[in-house]
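Reader: Could you walk me through this structure, please? I am new to reading these.

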Amino acid sequence: SNGTDDVIIDINPGAEFVFGQNSATQGYFKFVESIARYSDNDNLDTELAAMNFVSRYDDGKSKLNADINWAQLNQNTFDVRGLTRRDVFGAKVMGEVSVTEKSAIGFGGAYNNTDYKRTGYSDLKTFTIPVTYYYELSPKLDLSLGFRYRDTDSQLGMDSKDYAYRVGFRGEFTPKVIGSLAVGFGSREFDNGGDESILDMEGAINFLVSEKTTFQVNVSNDFGNSAQGQQQKSFVLGGQVINKATDQWAVRAGLSYRKLDYYTRTDDYVEMMLGADYTVSANVTIQGTYAYRNYESDLAGAGFKNNVFSLAANFRY
């Protein structure tokens with residue numbers, strides 16, 4: 001009811017160190033400083049840092065992936081009202097080892113910590129352990145049997161433990177359909193008593209429509225926690241079309257729907273995106289994007305509509 005607008009200039013200088021190219025172990029370390037300047041509301045100006053370390057090891061029989069990231073954020077989201085400062089840290093190590101010629105075991109661990117700098121929001125810590133068994137049905141398609149444990153510590157909400165049991169597939173379904181899909185049973189047990197169940201689902205599939213056009217679909221259904229510490233069941237369905245019209249021009253269009261079940265109410269969130277990329281050279285690209293977001297809720301003051309137009313030039317040397 002009291003919508004506003006502004007023009008924002010973002011300057012994001014950074015540096016990246018790449019190691020191990022063309023070797024079994026490779027990766028990179030990247031640092032970016034994000035500088036935001038508001039034309040009308042200069043009290044919102046920020047300088048925020050972000051760091052990311054990624055390493056990959058693959059010798060054909062064993063794989064090990066490590067991701068560590070830390071970022072200072074000041075954005076709003078569908079459940080974070082207003083520009084809200086927070087620090088987000090994540091660390092994940094995932095591995096896969098061949099057991100026989102046709103089977104492998106995937107395993108790992110992930111830790112995530114969100115630290116809000118504003119009252120009214122709930123700091124959140126999660127620790128996740130997934131284990132998956134893969135069996136080769138064909139040279140390009142695997143059957144998967146998985147289990148995932150997740151421990152959630154919510155500052156303002158209820159602490160919980162999640163258990164998910166999945167069966168699925170990964171690889172090449174057809175010469176033009178590649179991806180993974182897993183479905184199963186999920187349960188959440190609350191530390192103060194009680195539990196909830198859900199149809200657990202996670203998938204991402206790419207369809208090769210033509211030599212120049214790709215259609216990507218992602219779906220998930222899982223437990224979650226809102227920024228205010230509320231319990232959620234979150235269903236997400238999204239799709240994106242990418243057309244590389246020429247060597248220089250690419251066009252993008254995306255649509256996603258999110259259903260948030262808070263047990264006492266259900267909110268709906270829709271996001272639409274249209275964009276175009278122009279490659280000037282190997283080191284310079286120009287991007288234009290329009291995003292529309294619509295959040296509908298029975299909770300007074302929670303719904304909103306959001307329109308963002310952006311133009312960016314990216315330089316890499």
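Reader: How much area does the chain expose, and what share of it do carbon and sulfur atoms supply?

Author: The chain exposes about 18,700 Å², and carbon and sulfur atoms supply 57% of that area, where accessible areas come from the Shrake-Rupley method with a 1.4 Å probe, only the protein chains shown counting as cover for residues. This is a predicted model in which local features need pLDDT of at least 70 and side-chain atom pairs count only at pLDDT 80 or more, while totals for chains, interfaces and linings use all residues. Residues are numbered from 1 along each chain as its sequence is written, and side-chain values use heavy atoms, with hydrogens and water left out.

Reader: How many helices and strands are there?

Author: The chain has zero helices and 18 strands, taking helices (H or I, at least four residues) and strands (E, at least two) as DSSP runs numbered from the N terminus.

Reader: OK, new topic: is Thr132 buried or exposed?

Author: Thr132 has 18% relative accessibility, so it counts as buried; buried means under 20% relative accessible area, exposed over 50%, and partly exposed in between, with a 1.4 Å probe and protein chains only.

Reader: Where does Thr132 lie, and what does it touch?

Author: Thr132 lies in strand β8, residues 124-138. Not counting residues up to four places away in sequence, Thr132 touches Ala104, Ile105, Gly106, Ser144, Leu145 and Gly146, contact meaning heavy atoms within 4.5 Å.

Reader: And how many of the 317 residues count as buried?

Author: Of the 317 residues of the chain, 31% count as buried.
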